[in-house]
Amino acid sequence: MIEVCNITKRFGPTVAVRNVNFSVPKGEVLGLLGPNGAGKTTTMRILTCYMPADEGTATVAGYDVHTDSLEVRKRIGYLPENAPLYKEMFPLAYLDFLSRVRGIPTSQRKARVERVVETCGLTGVLHKRIGEMSKGYQQRVGLAQTLIHEPEVLILDEPTTGLDPNQIKEIRTIIREIGREKTVILSTHILPEVQATCNRVIIMRNAELVADGSPQELSRRATGTALLVVEARGPADEIRQGLAALDGVKSVTVAGAEDSFSRLELAVTDGKAVAERVFAAAVRAGWTLRELKAESASLEQVFYELTIGEKEEQ
Ligand SMILES: Nc1ncnc2c1ncn2[C@@H]1O[C@H](COP(=O)(O)OP(=O)(O)O)[C@@H](O)[C@H]1O
Ligand SMILES: [Mg+2]
C-alpha cells in the first residue's frame, strides 16, 4: 500500500530525512518511532504530498506522491501534529464542511458524517463548539476529519501527544478499531504507544531509519543486554567479585551503597537464569539479599540503544 524508496529531504544544511526506505502492506498499523527531530513529521509530510522529497520516490496505492499527488490525497486521511481545527465551529458543521471540501456528493454527506461521528465517539459532544471540547475530544474530531472521505490509508502524526492517560487510552482504542480495516502509519516519540497500537515498528534517529520489525522482534534484539539489579549486604569486594564470576554475567557496576547494602547492576545474558545463580551465591556466601530484580529486555532498551545510547558514543 505504501512504498518509500530512498527518500532524502534537506532544509538548507539540515538533513531531515536521509535515504529512508520502507514499505507498508495493506492493513498494517506501522509505528514510526523516534526522538524529537528524528525526521518523522518530514517523512509523513512527504507521504501526504505536503512537501516533495529532494531525492527518492514514494508511492501510495501505486500512485507517486509527486506526479500523482491528487490520487494520493484522495486515498489518505492525514492528522497533522497539533491538528488544526476550526474551533468556533460545531462538529457536525465542521465535518459537513470537510465532506464538501473532499467533494463528497450532497446525497451521501449526512450518512458519512454520521458514520465518522459514531466511529470516533462524538455523539455526546455534538452540542459543543470544537474549541469548548477537551483536548481528547478535539483529537477525536481531528480523527473524524481524517476518515470522512473513507481513505484507505491514515497518517497520524503524534496522535496522542498532549492527552491525559484516559484520553490516550480512548484514542488508542479508536485507532486500533480503524486499523482493522485500514493501513495506518502513526508517529510517536513514546514507546508504549507502539507496543499498544502497532504490529510493526520502524525507528528513526538523526534522519535515518535504524530499525524495522515487530515490537517483539525488536525486544528480542535487546535480550543480550538485560539488566539485573542486586542489593546485598556483606563484604563489598567479595560481593562484587563473586557476582562478576557468575556464569552469564558480562559486567558488574557498583551503583551505590546504603545502610551497609551494596547496590550493583549486572549486565547479563539472561536475567532470570542469572538471578537464580545470584541467589544461590548469596546463600553460599551468607550475604543478605534485599533486592534481586531482572529488568526484562524491553523495547525501551532497544530504543535507548538505537537512539540515545549511540548518540552519546558519537
Ligand atoms: N520546515 C522546516 N524547515 C527547516 N527545518 C526543518 C523543517 N521541518 C523540519 N526541520 C528539521 O528537520 C529535522 C527533522 O524534523 P521533524 O521531521 O519535524 O522531526 P520529528 O517529527 O521526528 O520530531 C529537525 O532537525 C527539524 O528541525
Ligand atoms: Mg514531529
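These legends describe close-up views of a predicted model.

**View 1. The two domains of the protein chain.** Domain 1 spans residues 2-219, and domain 2 spans residues 223-297. Taken over C-alpha atoms, the centres of domain 1 and domain 2 are separated by 45 Å.

**View 2. The shell of residues around ligand 1.** Ligand 1 is surrounded by Phe 11, Thr 14, Ala 16, Pro 35, Asn 36, Gly 37, Ala 38, Gly 39, Lys 40, Thr 41 and Thr 42. Of the residues in this shell, four are nonpolar, six are polar and one is charged. Strand S2 (14-24) and helix H1 (40-47) each contribute at least two residues to the shell. H1 provides the largest share, with three residues.

**View 3. Polar contacts between ligand 1 and Gly 39, Lys 40 and Thr 41.** For Gly 39, a backbone N or O atom lies 2.9 Å from an oxygen atom of ligand 1. Lys 40 uses its side chain, where an N or O atom is 2.8 Å from an oxygen atom of the ligand. Thr 41 also takes part through its side chain, with an N or O atom 2.7 Å from an oxygen atom of ligand 1. On its own, ligand 1 has 560 Å² of accessible area, and the protein covers 62% of it.

**View 4. The salt bridge between Asp 54 and Lys 9.** Side chains of opposite charge can pair when their charged atoms come close. Here the side chains of Asp 54 and Lys 9 meet at a distance of 4.0 Å, N to O. Asp 54 sits in the loop between H1 and strand S4 (55-60), whereas Lys 9 belongs to strand S1 (residues 2-11), so the salt bridge ties together parts that are 45 residues apart in sequence. A search of the whole structure finds 23 salt bridges, including this pair.

**View 5. A nonpolar patch on the surface.** The patch is formed by Phe 279, Val 283 and Leu 292. Together these residues have about 280 Å² of accessible area. Phe 279 is part of helix H10, which runs over residues 271-285. The patch residues lie within the bounds of domain 2 (223-297).

Notes: Residues are numbered from 1 along each chain as its sequence is written. Chains are lettered from A and ligands numbered from 1 in the order in which they are written. This is a predicted model: local features need pLDDT of at least 70, side-chain atom pairs count only at pLDDT 80 or more; totals for chains, interfaces and linings use all residues. Side-chain values use heavy atoms; hydrogens and water are left out. Patches are made of residues with over 30% relative accessible area and no salt bridge: like charges are joined within 9 Å, nonpolar side chains (Val, Leu, Ile, Met, Phe, Trp, Tyr) within 5 Å. Accessible areas come from the Shrake-Rupley method with a 1.4 Å probe; for residues, only the protein chains shown count as cover. Helices (H or I, at least four residues) and strands (E, at least two) are DSSP runs, numbered from the N terminus. A residue is near a molecule or strand if one of its heavy atoms lies within 4 Å of it. A polar contact is a pair of N or O atoms within 3.5 Å; within protein, one must be able to donate a hydrogen and the other to accept it, and residues adjacent in sequence count only if both atoms are side-chain atoms. Ala, Val, Leu, Ile, Met, Phe, Trp, Tyr, Cys and Pro count as nonpolar, Asp, Glu, Lys and Arg as charged, and the others, Gly among them, as polar. Domain bounds come from an automatic or database domain assignment.
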